[in-house]
Amino acid sequence: MWRRVASVFTLLAPSRSSVLNKVPHNLKFLEVFATEVMTPTEDGVLSKVKTPFITFVLGGPGSGKGTQCLKIVESFGFTHLSAGDLLRKETSTNAKFCDMINDTIKEGGIVPSELTVKLIQGAIDSSENYKFLIDGFPRSEENRSAFEKITGAEPNIVLFFDCPEEEMVRRVLSRNEGRLDDNIDTMKKRLKTFTALSLPVINYYSEKGKLLKINAVGTEDEVFEQVRPVFAKYEKEIR
Ligand SMILES: Nc1ncnc2c1ncn2[C@@H]1O[C@H](COP(=O)(O)OP(=O)(O)OP(=O)(O)O)[C@@H](O)[C@H]1O
Ligand SMILES: O=c1ccn([C@@H]2O[C@H](COP(=O)(O)O)[C@@H](O)[C@H]2O)c(=O)[nH]1
Ligand SMILES: [Mg+2]
């Protein structure tokens, strides 16, 4: 029997009420590509629970993460959660954090993990889908450990869009979406943040064997031809 998981994040957070709370705590839940676990129901019977499939989508500013995520959504039915978009949306709905988020974005910094994880967690919990692309997060080791600690979850796979700096600068400066951070001063800061804080996260997942490195140079379609087989290979298993 398939049952949709009510919340990925309740698995290792026993205070919240969910079917996931019933999963034994020592169970390695988000094994790479695993999307089902056996879990006891209230009457003690084991049944299959469909678990979320989480892909972290990483890469420098302007490497093409958002563009490729849209293509993955179209072809493979994932839900795209851009951490940056969630934060930008928060600036218009939450006056308390508006200035802090905008200032951090302008300075190419990183918003405190608790807020970003809360926004991602909320978006996953309110979705009916079970396949997620988390774009532009985690951006630091601190982000990564906060996500694991707060949610108890880990990504199944991590995509890394590898792009030379000159190309990222070119793309960001010709993007025409009115973003606060699409200017050369902020871009220089973002690149520094990426090298100092985000690359260690990419190395971490590489060492864990979860990283899939994509050459981000080429047309959007050429890049997607490298991405497609990743999801095509596991499509049946994550359905
Ligand atoms: N393969 C590509 N070749 C040329 N331009 C591209 C390519 N992919 C994306 N772009 C363009 O580059 C710009 C940045 O792309 P995108 O917004 O997808 O990057 P991103 O990694 O999400 O950036 P950010 O981290 O700033 O959100 C956009 O204007 C997009 O249209
Ligand atoms: O997890 C996150 C994601 C983003 N930010 C801040 O937002 C900007 C823009 O993010 P994009 O992913 O490029 O849309 C980023 O430079 C950070 O300042 C963040 O703090 N944490
Ligand atoms: Mg983006």
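**Notebook: Asn-156, helix H2 and the core**

I began with Asn-156, which I found in the loop that runs between helix H5 (141-151) and strand S6 (157-162). The model I am reading is a predicted one.

I next checked whether Asn-156 is buried or exposed. Asn-156 is buried, because 22 other C-beta atoms lie within 10 Å and the cut-off for burial is 20 or more. I also looked up its distance to Phe-56: the two residues are 100 apart along the chain, yet their C-alpha atoms are separated by 8.2 Å.

**Entry on Glu-90**

I located Glu-90 in helix H2, which covers residues 83-93. I counted 19 C-beta neighbours inside 10 Å, so Glu-90 is classed as partly exposed; a buried residue would need 20 or more. I set aside the neighbours within four places in sequence and listed the remaining contacts of Glu-90, which are Phe-97, Ile-101 and Leu-119. I also noted Leu-115, which is 25 residues from Glu-90 in sequence and 9.9 Å from it in space, C-alpha to C-alpha.

**Entry on H2 against H4**

I then asked at what angle H2 and helix H4 (residues 113-125) pack. The angle is about 100 degrees, and the axes are 10 Å apart. H2 is therefore roughly perpendicular to H4, since angles of 65 to 115 degrees fall in that class. From H2, I recorded Ala-83, Leu-86, Leu-87 and Glu-90 at this contact; they meet Thr-116, Leu-119, Ile-120 and Ala-123 of H4. By class, the residues of the contact are six nonpolar, one polar and one charged.

**Entry on ligand 2**

I turned to the shell around ligand 2 and asked which residues come nearest. Of the 17 residues there, these are Ala-83, Gly-84, Val-111, Gly-136 and Phe-137. I sorted the shell into seven nonpolar, seven polar and three charged residues. H2 and helix H3 (95-106) each provide at least two residues of this shell, and H2 gives the most, with three.

**Entry on the nonpolar core**

Finally, I looked up the largest nonpolar core, which has 44 residues. The members that touch the most others are Leu-58, Ile-120, Leu-133, Ile-134 and Leu-159. I had already met Ile-120 on the H4 side of the contact with H2. For Leu-58, I again left out neighbours within four places in sequence; its contacts are then Val-158, Leu-159, Phe-160, Ser-198, Val-201 and Ile-202. As background, I noted that nonpolar side chains in soluble globular proteins tend to be buried together.

Note on methods. Residues are numbered from 1 along each chain as its sequence is written. Chains are lettered from A and ligands numbered from 1 in the order in which they are written. This is a predicted model: local features need pLDDT of at least 70, side-chain atom pairs count only at pLDDT 80 or more; totals for chains, interfaces and linings use all residues. Helices (H or I, at least four residues) and strands (E, at least two) are DSSP runs, numbered from the N terminus. A residue is buried if 20 or more other C-beta atoms lie within 10 Å of its own, exposed if 12 or fewer, and partly exposed in between; C-beta atoms are placed from the backbone. Two residues are in contact if their C-beta atoms, placed from the backbone, lie within 7 Å. A residue is near a molecule or strand if its C-beta atom, placed from the backbone, lies within 6 Å of it. Ala, Val, Leu, Ile, Met, Phe, Trp, Tyr, Cys and Pro count as nonpolar, Asp, Glu, Lys and Arg as charged, and the others, Gly among them, as polar. Axes are lines fitted to C-alpha atoms, for helices over the stretch in contact, and angles run from 0 to 180 degrees between N-to-C directions. Angles under 35 degrees count as roughly parallel, over 145 as roughly antiparallel, 65 to 115 as roughly perpendicular and the rest as oblique. A nonpolar core is a set of buried Ala, Val, Leu, Ile, Met, Phe, Trp, Tyr and Cys residues joined through C-beta atoms within 7 Å.
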